[in-house]
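Here's a quick tour of a few helices, put together for someone at the bench. Have the viewer open as you read.

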Amino acid sequence: MDCGGGGIKASVLGSKGTIKAPPVRTATPYPLPPQLLIETISDLASYLPAADRVTVGMPGMIRHGVVVATPHYVTKDGPRSKVIPDLVDQWERFDMQRELSNALDMPALVLNDAEVAGAGVITGQGLEMIVTLGTGLGNAVFDGGRLAPHVEISQGPVRWGLTYDDYVGEHERLRLGDAHWSRRVRRVVSGLRAMYMWDRLYLGGGNSRRITPGHRARLGDDVVIVPNDAGIRGGVRAWQL
């Protein structure tokens, strides 16, 4: 299950990560209390073949399956809309992993969505980082194939009072156009490279393919653009991290 700010998609994978069923998708409903997300996931699962376990990637800070914060899902109408204080309270410290396991009657693994996507693309060699570009920005870091503690870069300030989510999110891409937005992506990559000094960076998410060819060529040899289905394909390998 790949839960994003704008849509939720799901599929069933074989033990080697091969997709066994065509993905199903629905728009992310808002307002979105925890129980509604669980019901939405359960409904999607009913359209898919039976499975033995479930992996869920969702935006925000997730620790051991517990939601510390999920900035998109506490809003009235989705990203950039009004925050609802009651939803903040409902989501804070919500044990999504336990509640989802109970609802689906199977083992569950709940991670940040970029962590699941990263599991689908990393080689397991050196320091690898993934940055996903979609509704906002997601990120995860892996050291020798091991998942590092999560840092929610999306909420960090960039410039003009904007967070990374604001600076390269879908709203700004639509406002600026792909060329200007791609320049911003290059700036983000340059800034993060100096901070993380990775061996390889993967750019994923639905908008990574929108980086214009000229800017793509200038990202650097240490940067690889990966398909958007990594958020699904990583569902099996995530259990090994």
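A word on naming before we start: helices here are DSSP runs of H or I with at least four residues, numbered from the N terminus. Keep in mind that this is a predicted model.

**Helix 1**
- Helix 1 covers residues 34-45, which makes 12 residues.
- From first C-alpha to last, helix 1 reaches 17 Å, close to the 16 Å expected at 1.5 Å a residue.
- Its buried residues are P34, L37, I38, T40, I41 and L44.
- Look down the axis of helix 1 and those buried residues fall within an arc of 160 degrees, so they line one face of the helix.

**Where helix 1 meets helix 3**
- Helix 3 is residues 96-104, and its axis comes within 10 Å of the axis of helix 1.
- The two axes cross at roughly 45 degrees; angles from 35 to 65 degrees count as oblique, and helix 1 and helix 3 are therefore oblique to each other.
- The crossing of this pair is right-handed.
- On the helix 1 side, the contact is made by L37, I38, I41 and S42.
- Helix 3 brings M96, E99, L100, A103 and L104 to that contact.

**Helix 7 and what comes after**
- Helix 7 runs over residues 178-196, and its 19 residues should span 27 Å at 1.5 Å a residue.
- The end C-alpha atoms of helix 7 are 26 Å apart, which agrees with that expected span.
- Buried in helix 7 you'll find W181, S182, R184, V185, R186, V188, V189, L192 and Y196.
- Right after helix 7 comes M197, which has a positive phi, near 50 degrees.

Technical notes:
Residues numbered from 1 in each chain as written. Predicted model: local features only at pLDDT ≥ 70, side-chain atom pairs only at ≥ 80, totals over all residues. Heavy atoms only, no water. Helix = DSSP H or I, 4+ residues; strand = E, 2+ residues; numbered from the N terminus. Expected span 1.5 Å × (residues − 1). Buried < 20%, exposed > 50% of the residue type's maximum accessible area, 1.4 Å probe, protein only. Arc of directions from axis to C-beta. Axes fitted to C-alpha atoms, helices over the stretch in contact; angles between N-to-C directions. Parallel < 35°, antiparallel > 145°, perpendicular 65-115°, else oblique. Left-handed = near helix turned anticlockwise from the far one by under 90°. Contact = heavy atoms within 4.5 Å.
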